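Please look over the structure shown below before reading on. The report that comes after it is meant for someone meeting this structure for the first time.

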Amino acid sequence: MEALIPVINKLQDVFNTVGADAIQLPQIVVLGTQSSGKSSVIESLVGRSFLPRGPGIVTRRPLILQLVYSPKDSKEHRSAEEVIRSQQAGTESWNPLSQLSKSFTSGTVNLEEWGKFLHTKEKIYTDFDQIRDEIDRETDRMAGNNKGICPEPINLKIYSTKVVNLTLVDLPGITKVPIGDQPEDIENQIRNLIFKHIANPNSIILAVTAANTDMATSEAIKMAKDVDPDGRRTLAVVTKLDLMDAGTDAIDILCGRVIPVKLGIIGVVNRSQQDIIDKKTITDALKDEATYLQRKYPTIATRNGTPHLAKTLNRLLMHHIRDCLPELKVRVNVMISQFQSLLNSYGEDVSDKSQTLLQIITKFASAYCSTIEGTARNIETTELCGGARICYIFHETFGRTLDSIHPLVGLTRMDILTAIRNATGPRPALFVPEVSFELLVKRQIRRLEDPSQRCVELVHEEMQRIVQHCGTEVQQELLRFPRLHQRIVDVVTQLLRTRLPATNAMVENLVAIELAYINTKHPDFHREAALVSGLLKSTDGFEEFRTKPNRPATSPVHNMIKLLLRQLLRQMGERGSTLAFLANVWDVQHVPAITDGHDRLPAQNSESPQTPQMNGSPENRSMTPQKPVNLLPEVPSHTSRKLSDREQHDCDVIGGRSEISPQNRMTVEGISMMHLNHMGDLVERLIKSYFYIVRKSIQDSVPKAVMHFLVNYVKDNLQSELVTHLYKSDQAESLLNESEHIAQRRKEAADMLKALQRAGQIISEIRETHMW
């Protein structure tokens, strides 16, 4: 099982080359407040002093430290062929002969310990003071000189014959108050950085706390409990045991009686600042630590101290790796599949650009048509698109809009009555004029044009939007070549724009066709028109009165109506078919026009002696005219002047008031207005009937016109248009220039795939016997 930690180190090296944190590898995260002794603990584990020292915050970037045990007889990490070109980079030119003359003294065959940084590649550091200086330079390069922090880690690998295999992460110390040029939110920055590392479920938390502080106020323990409430991956380290107040000891803390920690609590003794100034070696410090523990805590001395801490960390890390390795292997295999698919989506380098251009054009045209027809392989499930959206526009949006238009919207009863009277001119409105019906129904039919034009616009917008939803594979290739994508969008847009006027013109013609000829002989409308005569007879009891066998004696109202019809027949003869129809209804015999001066009343009308007779002489005609019937609504008079006697006489003469009594005159006016209202009802019914016929026709013909002139035309001619405008030898080179970010992403995906494949090989080399 000792071989598991080097495996993790190899995986760490593999993923460091691509700079990715996609795989959460098992590692030990050192957590503690500022000046709690974290750096001293790490130096004690390494056995060398190599970390920066000084007042205030010193560790400002995470340091990923890999300790690799490398005995002198090991051939895995040692090689005589590793030659350093120059310790001062750039001050000495590369000369193979001069390097060979050194007899490979710079190799690692005979070295006890050495270090390597990831950012300096294969450069070997044998002087640990140089390692400290390099850490300072790299920290200042990324984090600046203002005591700020940077989340980018520094990777350092130390090979030694005196260490155990470990992977440690040294984090900046927790601080509360910004100092110097530190930003005001330095505390939040450090906390976020710490939580990013300790939240990794594959990490072991090494919570460092000073013994001369209250354990209950430890920030490190608190933060560890936030992410590891069960304490299954937290190990506590109590430093500065020799600095506790006189008369106190840490026996209760170390035994876990104050705050229990599941993985244990280990106490260590660090070097003091004076020891560091005096350059006291780590070896001497470890001897003094063992002596102090034997003297102060003899019963638990063997369970504390830096050597025990190193062995405990090594054991915990190995067991933790063993537990995480199966899940890690599955994760690597899944990511290999994901990045392989991602790399395939970016495509390969283009060799034959003309062929590639034609393939992309053909694939795009096919995907565009498939989206309209609904035969695409990747069907959208979140929203309607393509042909489904066009169908929704035709039958839901456009259909419901037409259905919501009432046949009489914007048309009042007064408009209808006014149109009827204007269409009859000076003649009385005794029949339904066709001119008024056509005028009114055309006015309503024109209301169907705007929804039809809007339907064309919606379909045009959807056809334009299909360009962005016509297949995942095509979209990926279009994103790969942005200039080709833009040109394809331009060609499709231009094709749709050229078809839009023809489609709009056809839709306008469909409405204009309906307006050009009002077909009153339409099969659906003819049945409605045939009911007009029946309605005329049934209204006001005309037909019932005519067909009743034992009708009573004629009333004054009956006689008055007959008198009016006879007078009109006398004046107009047979010029009005409606008039003749009404005369037939009321049994009025034909009375010739006024030419002979004699009144020819039928015999059956003699039972009404009180009905005034009409003489053909000029004197009698001047004395017996009738007052015209007012069919317009009463208009309030703005003047209340009373007519003079002469004016009143003229009105009586012209209006025939001397011939008709007030009671009969009111009856005649009521009957005339009732007849006009009845004609208004008939016109409304005819308008509704014909409007429904036209609306049904428009609702059926507009989608057909849009499909023929716009949708189907674009489908049939899209590929030819794209080939005509794009497939040219001089344009293939410029259209297939790949975007920089796609090329960069392909390179990153290829590097990550290579790293994952290498990681998979490393994990697969582990035998089952290595894990136990």
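What follows describes the chain as a whole and then one pair of helices.

This is a predicted model, in which local features need pLDDT of at least 70 and side-chain atom pairs count only at pLDDT 80 or more, while totals for chains, interfaces and linings use all residues. Residues are numbered from 1 along each chain as its sequence is written, and side-chain values use heavy atoms, with hydrogens and water left out.

The protein chain holds 26 helices and nine strands, which are DSSP runs numbered from the N terminus (helices H or I, at least four residues; strands E, at least two). Of its 772 residues, 43% count as buried, meaning under 20% relative accessible area, against over 50% for exposed and in between for partly exposed (1.4 Å probe, protein chains only).

Two of the helices pack at an angle of about 160°, with their axes 10 Å apart; axes are lines fitted to C-alpha atoms over the stretch in contact, and angles run from 0 to 180 degrees between N-to-C directions.

| Helix | Residues |
|---|---|
| H12 | 387-403 |
| H15 | 449-465 |

H12 and H15 are therefore roughly antiparallel to each other, a term for angles over 145 degrees. Where they meet (contact means heavy atoms within 4.5 Å), the H12 residues include Ile393 and Phe394, and those of H15 include Leu458 and Val459.

Glu461 also lies in helix H15, and because its relative accessibility is 44%, Glu461 counts as partly exposed. Glu461 and Leu496 are 35 residues apart in sequence and 9.4 Å apart in space, C-alpha to C-alpha.

Conventions. Parallel < 35°, antiparallel > 145°, perpendicular 65-115°, else oblique.
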